[in-house]
Every structure is written in structure tokens, then in C-alpha cells.
Amino acid sequence: MAAPIGESKNEMKKFNKKLARLRQTLKDRENIICLDDATNIICVCNGGLDNNVSYEEIHALFTRYGQSCSVLMQPQKSYCFISYNTVGEATEAVNQLNGHKLLTSEQRKAEVVLYTLFVSKVADSVSPSASLPPGLILLEDYISHEYAETILASIDLSQNQNTGQQADLKHRRVKHYGYEFKYSINNVDPDDPLMEGIPEVFLPLLEKLRGSGVIGHMPDQLTVNQYQPGQGIPPHVDTPSAFEDGLVSLSLGSQVLMEFRHPDGQHLSVLLPHRSVLVMTGESRYVWSHGITPRKSDIVATPDTGLTLSPRGVRTSFTFRKITGVKPSQVDSLGPETGDTCLPEDEISAASLERLHVHQVYEQIADHFSGTRHSPWPRIADFLRNQPPGSLLIDIGCGNGKYFGINKGLFELGSDMSSNLAGICGGRGHQVYVGDVLNIPLREGTFDVCLCIAVIHHMSTKERRRKAVSELLKVLRPGGQALIYVWAVEQERHKVKSKYLKGKGAQSQSSSESQMDDKKQNADTDENAPRETIPEKEPFHLTNNMLDNPSAHDESVLGEVKPSGGATAMKGNPQKLEVHINRTHFKHQDVLVPWQLKNKSDSSKQDGTSAQTFHRFYHVFHQGELEELCESVGRCKVANSYYDQGNWAVQLEKL
Ligand SMILES: O=C(O)CCC(=O)C(=O)O
Ligand SMILES: [Fe+2]
């Protein structure tokens, strides 16, 4: 095997040892078999996207030894493959580039040494999936370059010519035509059209779409979104009751990846190129959420099927919709009617409920939520301090990372389902990934310590709570410790009220809370206390009434459809979820807990409402339930359990 040129004997020995180790790791972990005899395909260790190495860098380097070589890269892999036409070209590349150092770059803070190994084939998982969610239509090169230029030149996003609702949302610039989409109520008011309808410049586009049967209606509402690199839009479903089926989005400027997610966990990334039109119909419009992750680059396929990092530029999208004419107050109020939401009876509706009433809420309130999470809880901090130096910690549901850095001897990794919270945590210099407790993508038996604070009470079925505990145990090594906190039914113990109940002492709903600032609401200690906040004015289009419009959807596709009258059409007799009144005792174990978003100035509100309320789903635990849950999972011993300020805690040891 070749070794780097010009190295001392000792260094060469070290290098070859490292190469042998990498070869073994590729075999053990990735099932990639490296060969002694030269082939035309090379696996380049450290030359992958996970090391922030770009396709262009690798391509430029390796084409020196064979012009038509192809580079194959995969997301989240630290290696890539180079395929040459001949064994001779590949051999020359290995001879010249084994041990080659890639210098630091804007994306990459450290130098990277490449290790090259011959393989007989590229890994099976390399080819990216080209499938789209059902009902999604992507029309590439749909308009000409000239027409695209004309459109961009005719739209001025710098002025708030409308009612004040558009302008700079936190994550992008937005402007509406025809009807204003009010993010505070996730709806349009059909009785209150804007002065300016859809501009005429779009007529040829809309007529082409209608004429060719892509859409069966003429849109009357347009939302223009402009994204700078690093900006995105949280995952959402456009309010079903507000807009007809067949949402059209024209993309101009930088290409971007749009993420589509099904409630059952399927995830597809769809690349939206300049001048393309995306049409969401059927399942892709009503069941799958869509969103754009806020980041500065995307991993995209290159023409020769490799993957690379593609930096984002400014992108402007034009979303055309036809309003249904249904008034917001009829179906989409975010008020107490949310109580129409039912406790799920199957996996799909459980996942859907959590997406709506957990994931999307945290995504929306991430900044403010993070602002209320400063100080670690003392007993959790003690638990961390007691871990020996060198321990590997995973914090599932790490939020802004407030439990990191307490014990400087730990190696820490966090995960959160909210990409916005994970972003805040990562921005503080912590290692974090976006992920689901129900499917932890980490190697089994790896971690010494696991924290899971205020997560499991957001699972809406017992089976999912069990699965969550089981996943935590999976990643712990035998003997490893987990600390789990969940919110308790019992908010008063031994005649002492929890801080949550005591908050301002009143048995009140939000009116008295609204006078409190976050600090006074025990923001530092009360993990579960709801806070008021300033509206983010971000889309949260998907309401609990997502499935409320039976006429628009196919029952068989959606699994459950509730009639808008409120009576249940689900199988059995599902339990309606009640909206909990904050600062009061729990009346039920499965509840929706309001999070009040108060608008300080109220200048952006046209509808007279003064607050936006989000509802988070909680299953609050009664005494002993958490221990019982963990024991039912097995593979663990409850080493300790206790009550801590309105929460139940268990410390588990993995057997
Ligand atoms: O930017 C886009 O293409 C999508 C915008 C969007 O989903 C929306 O405004 O609802
Ligand atoms: Fe949308």
C-alpha cells in the first residue's frame, strides 16, 4: 500500500497503522471491504461531507489522475468514493494522494488528512433517492430566464405597502397579495382582501398552469418569501381550511432543499432549482409537512450522481393559493376549540398529534423558550457533577444546551427534535444533532450517561413512552446511567405547592401571567412553566383542525377525519383532549397546555385578538408511573426516583 511521500520511517509506520485501522473500521461499521490489489475505485477516508470536505475540492484533486473520474459523496459520511476508468489511473491517484493534506477552509476549521483505499464497489447506499411525496409535482425549467428576470424586477420587497403584516419575519422577508396571510392566526380573512391582487406579471404563468391542467383553479392569493442564506421556514402544512388543494410555488434565484416529512417519520428532501414550479396536491399538501431548514448550504446531487455541499444564495419563492372562503373563526381558531383534538388511537394519529402539538410548537417558540431556560436544576446538575471524568454524555431533548459544561470532564452530545433549538445549542459551541427520541440514530451501548429532561411526557401513547425509554437504554452501555424527568400530575406534595402552581399564587389563566416577566415566573427553575412571549410571526399553518375539512380530503389517505361540527368520526370513542388552565391542578393526565404569545405593541394585529396561543401536548405522570414504565421496558434497574418541583424523576442503570 502506498504511503505519503517524504515522511520519516516512524511517521510512515504511524500512517500505515492508521490506514489499517481505518480499513478495519470501514469493514466493521460500514460494511465496506477494502482490497490489497489495486482496482479502479478508491474509498477516500476523511474526504467526505461529514468532514466538511466539498465535492469540488475532491473533484479538483482527483481528476488530475483521470479526467473522467466520478466522485460519489453521501450525507453524514466522512469518506467518499472515486471511480476511475482504469486501474492505472486509480493507482496513480492513490500513489500521489494517500496522506494528502487538505488545508482549512471557510467551511472547515481544521486540516484534514486523506487516506485512500482500493475497493471493488461503492457502498450500496450511495445512490440518492429520487422519489417525491405522493401528489407532489416538480416542474423544472417551467419559465424562461427572461420571464424570471421580469418577475424579479417587478417585485419590490423593501416596502410595506400592505397592512404591516408582511415585512421581515424573523427568518425571511415576506409579502402578500390578494389576501394577507396572518401568521398570528395562520389564516386569511376572506372578507378582508388586500388592495393589491396578484400582479399581472404572473398571469402567463398561472394561465399555463391552468391550461395544462396542473391546477384546476385560478389562485387569488400570493405569498412572496425571500430567503437570505441561512434563513428558512419551519415545517408546516398550509392551513387546510384556508386554501384549496393544489398549492403552487415558483422558485427563483438560489436553489434550495425543501424537506417533506410524513407523520410516520418518512423524510424526503426535494431540490427546488431556479425557475422550477412545485405543486403540492393530495397527500403531499395535506399530510406531509414542508419546510426549509435554516442553513447556509445544502447537500445536493451533482450531475454525475455524487453529492456535494452547495452554498445557498438569495432565493425568492412565489406561493400561489386559492382561498376556500371559510372564515377563520369557523374552524381554525387557536383558542379553546383546540379541545376538539383527541387522544390518538393509533401510531399515525399519535405521530401527527405530536408533530402538531409538540414539534411544531417548539419550532415556533424556540427562541423565546430558550430565553426562559437559563439555570440548570440543582439535582440534575449534581447528577452530572457526579459522573467520572471522560464519561460520554448524551442529552436527548437538550434544548439550548443548558446542561452542557456543568461537568467539564464530560464528552457531551445533544439532540433535539426542534431544529431551531438545536441551532441555538449548536450556536453555543455544543455538539448537537436534530433527532427523534423514538429513533435515536446512535450506536448501541455507546454512552455512559444519558439525560432526558422534559421529553417523554410529550409522547402521546404509552407505547411511544416505552419506546422512548427503550431508545435511551439502547444507546447506554451496560452500567450506564440515565436521568429522566417528566412533569407530574401532582403539583402539590406534602402540602407544598410546586413553583408552577405557585407562580403568582393565583389559580389563574393567562391574564395574571401576562403581568409577570419571565424571571418572576421561575423561568430558571420551572422547566414546564408556560411563558408569555412576543409573537414570532412565523407560520404555524397546521392547526388541530388539519383534518377538519372532510370534503377536501380522502378518508382513506388520512386515516382519520373529524367532521367540522365537532362530533367524532374516529373509530371507537376517542378521548377529547382538554386544554389545561395554567397554574392550576391537573384534571387529566393527557392535556393540551397553552403557551401564550402576547403581542406587546399589537400593531400587527388586524383582527382584534391580543394573544396567540400554542398548545403543547403533555401526558403528566402520576406517582410511580415513570418507574413502572421503565421497569416494563426492562434492561434497567431504577437506582433512584424522586419528586422535584412538580416533576417525577428516575435515575436508571442499564443492565
Ligand atoms: O418558500 C417556499 O417555497 C415555501 C413557502 C411556504 O411554504 C409558505 O409560505 O407556506
Ligand atoms: Fe407552505
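Hi everyone. Of the 655 residues in this chain, 55% count as buried. Before going further, please keep in mind that we are looking at a predicted model. The chain holds 15 helices and 32 strands. Its accessible surface comes to about 27100 Å², and carbon and sulfur atoms own 50% of that. If you take the contacts with a separation of 6 or more, 71% of them are between residues 24 or more positions apart.

Let's go to the ligand, since I suspect that is what you came for. How many residues surround ligand 1? There are 14, and the closest are Tyr-227, Ser-249, His-290, Arg-315 and Ser-317. Sorted by class, this shell has seven polar, four nonpolar and three charged residues.

Now for some polar distances. A polar side-chain atom of Ser-317 is 2.7 Å from an oxygen atom of ligand 1. For Ser-249, a polar side-chain atom sits 3.0 Å from an oxygen atom of the ligand. Asn-225 joins in as well, with an N or O atom of its side chain 3.1 Å from an oxygen atom of ligand 1. And how much of the ligand does the protein cover? On its own, ligand 1 has 300 Å² of accessible area, and the protein covers 99% of it.

Which elements give two or more residues to that shell? They are strand 11, residues 221-227, strand 12, residues 233-236, strand 17, residues 289-292, and strand 20, residues 315-321. Strand 20 provides the largest share, with four residues.

Let me stay with strand 17 for a minute, because you can follow it from one neighbour to another on the screen. Strand 17 pairs with strand 12 in the antiparallel sense, over two bridges. Within that stretch, Ile-233 stands opposite Ile-292 of strand 17. Strand 14, residues 256-261, also runs antiparallel to strand 17, and three bridges join the two. There, Arg-261 has Ser-289 of strand 17 as its bridge partner. Are the faces of strand 17 covered or open? Both are covered: Ser-289 and Gly-291 are buried on one side, and His-290 and Ile-292 are buried on the other.

Back in strand 12, have a look at His-236. Is this residue buried or exposed, and why? His-236 has a relative accessible area of 2%, so it counts as buried, the cut-off for buried being under 20%. A polar atom of the His-236 side chain lies 2.8 Å from the backbone oxygen of Pro-234. Phe-260 is 24 residues away from His-236 along the chain, and their C-alpha atoms are separated by 9.3 Å.

One last stop, at another part of the chain. Here five strands make an open sheet with antiparallel pairing, in the order 1-7-2-4-3. Which strands are at the edges? Strand 1, residues 34-35, and strand 3, residues 70-73, each pair on one side only. Inside the sheet, strand 2, residues 41-45, pairs with strand 7, residues 115-119, over five bridges in the antiparallel sense. One pair to find on your screens is Ile-41 with its bridge partner Val-119 in strand 7.

To wrap up, if you take one picture home, let it be ligand 1 with 99% of its accessible area covered by the protein, and strand 20 giving the largest share of the shell. Thanks for listening!

Note on methods:
Residues numbered from 1 in each chain as written. Chains lettered and ligands numbered in written order. Predicted model: local features only at pLDDT ≥ 70, side-chain atom pairs only at ≥ 80, totals over all residues. Heavy atoms only, no water. Near = heavy atom within 4 Å. Polar contact = N/O pair within 3.5 Å; in protein donor to acceptor, adjacent residues only side chain to side chain. Areas by Shrake-Rupley, 256 points an atom, 1.4 Å probe, with all protein chains shown as cover. Nonpolar A, V, L, I, M, F, W, Y, C, P; charged D, E, K, R; others polar. Buried < 20%, exposed > 50% of the residue type's maximum accessible area, 1.4 Å probe, protein only. Contact = heavy atoms within 4.5 Å. Pairing = 2+ DSSP bridges.
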